[in-house]
Amino acid sequence: MIEVFYTVGDETITTTSLQEKGSWIRLTEPTKEELLRVSAETGVLLEFLEAPLDDEERPRIEVEDGQVLMIVNIPIVVQNGTVKYDTLPLGIIVTENHIITVCLEENAVINDLVAGRLKSFYTYKKTRLTLQILYKTATYFLKYLKEIDRKSNEIEQALHGSMQNEELIRLLNLEKSLVYFTTSLRSNEIVMKKLLRTKVLKMYAEDEDLLEDVITENAQALEMSEVYSNITSGMMDAFASIISNNLNIVMKFLTSITIILAVPTMVASFFGMNVPLPFQNSPHGFLITIVISLFLAMVAVLAMARKEMF
């Protein structure tokens, strides 16, 4: 899908022309024909357009023929039965006349820009728009990290009395998400610092200030991700032991009940033998047998209670 945005005054409008200078071209799940069209009409290198469509592509900056390709990882939410978090490459290509973003699927980072949730958004300010995308990326990393922390706390509460694997699997998914986030944030940090150091994009003083803010936000998200990852990893180990311990407690309780029930069974077995027995001629023989069984069962209960078998 191709979308073209162009800022006129303080308003951003959509257009169908790829020739408009100062426009922002958004490519989402583009087909080969769309990539060829954009390359032919804007002059952007086809390999630059195709690079972000590899979901294993690493963040980097590449400059060729006056065109700058920047690939960063952005956070996404995957709805697949349960909520999972992952990252996806986003390509930002800056040419003399255009800024082009390429991504495998729709994402909240770019959708926020399209929805006008960003102040001072001008398509012809290519460097500023690039930095705003990076800032929005760091913001969403922080947002999703807070959601992961909240979900971890909810799972922690459920795990206290659980003997099932469901909560552990949910916690494992969050731990995997944190690993993806940590790796992506660290790679994004390298790209941002290189952008500040090499100045492959023309920057004014306020652009440099914005880039430093982006680096700070990214560093904060990275630190949070590492902390949450360590906490979640520790929780996984601890709660695996808790679930095993909960199961052991239940098994101990059931074993104690089995032993207690075995005492009356044993007494009944003795008095059920076809041999001369005490109380066999007594009209209260059955009652006496029941009393003996209950007495011995109570003795077993008290003995196990003293040993904290319940």
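Mentor: Arg26, Leu27, Thr28, Leu90, Thr101, Cys103, Glu105, Asn107 and Ile110 line the largest cavity. Keep in mind that the model is predicted.

Trainee: How does one find such empty space, and how much space lies in the largest cavity?

Mentor: Rolling a probe the size of a water molecule over the atoms shows where empty space is left. Here the largest cavity holds about 30 Å³ of space. The count of cavities of 30 Å³ or more comes to one.

Trainee: Which strands each supply at least two residues of the lining of this cavity?

Mentor: Strands β3 (23-28) and β7 (98-103) do. The largest share, three residues, comes from β3. By class, the lining of the largest cavity divides into four nonpolar, three polar and two charged residues.

Trainee: What separates a pocket from a cavity?

Mentor: A pocket is an open set of points, whereas from a cavity the probe cannot get out. In this model the largest pocket has a volume of about 290 Å³.

Trainee: Which residues lie nearest the centre of the largest pocket?

Mentor: Lys125, Lys126, Thr127, Lys202 and Tyr204 lie nearest the centre, out of 14 residues that line this pocket. The elements giving two or more residues to that lining are α4 (126-159) and α6 (205-271). Helix α4 provides the largest share, three residues.

Trainee: How many residues of each class are in the lining of the largest pocket?

Mentor: There are six nonpolar, two polar and six charged residues in that lining.

Trainee: How much space lies in the second largest pocket?

Mentor: The second largest pocket contains about 190 Å³ of space. Its lining has 13 residues, and Asp55, Glu56, Arg58, Asn73 and Thr87 are the closest to the centre. Two or more residues of this lining come from each of β6 (82-94) and α5 (166-198). Sorted by class, the second largest pocket is lined by four nonpolar, four polar and five charged residues.

Trainee: Now the outside. Which residues form a nonpolar patch on the surface?

Mentor: Leu247, Val250, Met251, Phe253, Leu254, Ile257 and Leu261 form a nonpolar patch there. Together these residues have about 600 Å² of accessible area.

Trainee: Take Leu254 from that patch. Where is leucine 254 placed, and why is leucine 254 called partly exposed?

Mentor: Leucine 254 sits in helix α6. The general idea is a scale with two cut-offs: buried means under 20% relative accessible area, and exposed means over 50%. Leucine 254 has a relative accessible area of 45%, so leucine 254 counts as partly exposed.

How values were computed:
Residues are numbered from 1 along each chain as its sequence is written. This is a predicted model: local features need pLDDT of at least 70, side-chain atom pairs count only at pLDDT 80 or more; totals for chains, interfaces and linings use all residues. Side-chain values use heavy atoms; hydrogens and water are left out. On a 1 Å grid over the protein atoms alone, a cavity is a set of points where a 1.4 Å probe fits but cannot get out, and a pocket is an open set with protein on both sides within 12 Å along at least five of seven lines; lining residues have an atom within 4 Å of a point. Grid points are joined across faces, edges and corners, and a volume is the space filled by probe spheres set on the points. Helices (H or I, at least four residues) and strands (E, at least two) are DSSP runs, numbered from the N terminus. Ala, Val, Leu, Ile, Met, Phe, Trp, Tyr, Cys and Pro count as nonpolar, Asp, Glu, Lys and Arg as charged, and the others, Gly among them, as polar. Patches are made of residues with over 30% relative accessible area and no salt bridge: like charges are joined within 9 Å, nonpolar side chains (Val, Leu, Ile, Met, Phe, Trp, Tyr) within 5 Å. Accessible areas come from the Shrake-Rupley method with a 1.4 Å probe; for residues, only the protein chains shown count as cover. A salt bridge is a side-chain nitrogen of Lys or Arg within 4 Å of a carboxyl oxygen of Asp or Glu. Buried means under 20% relative accessible area, exposed over 50%, partly exposed in between (1.4 Å probe, protein chains only).
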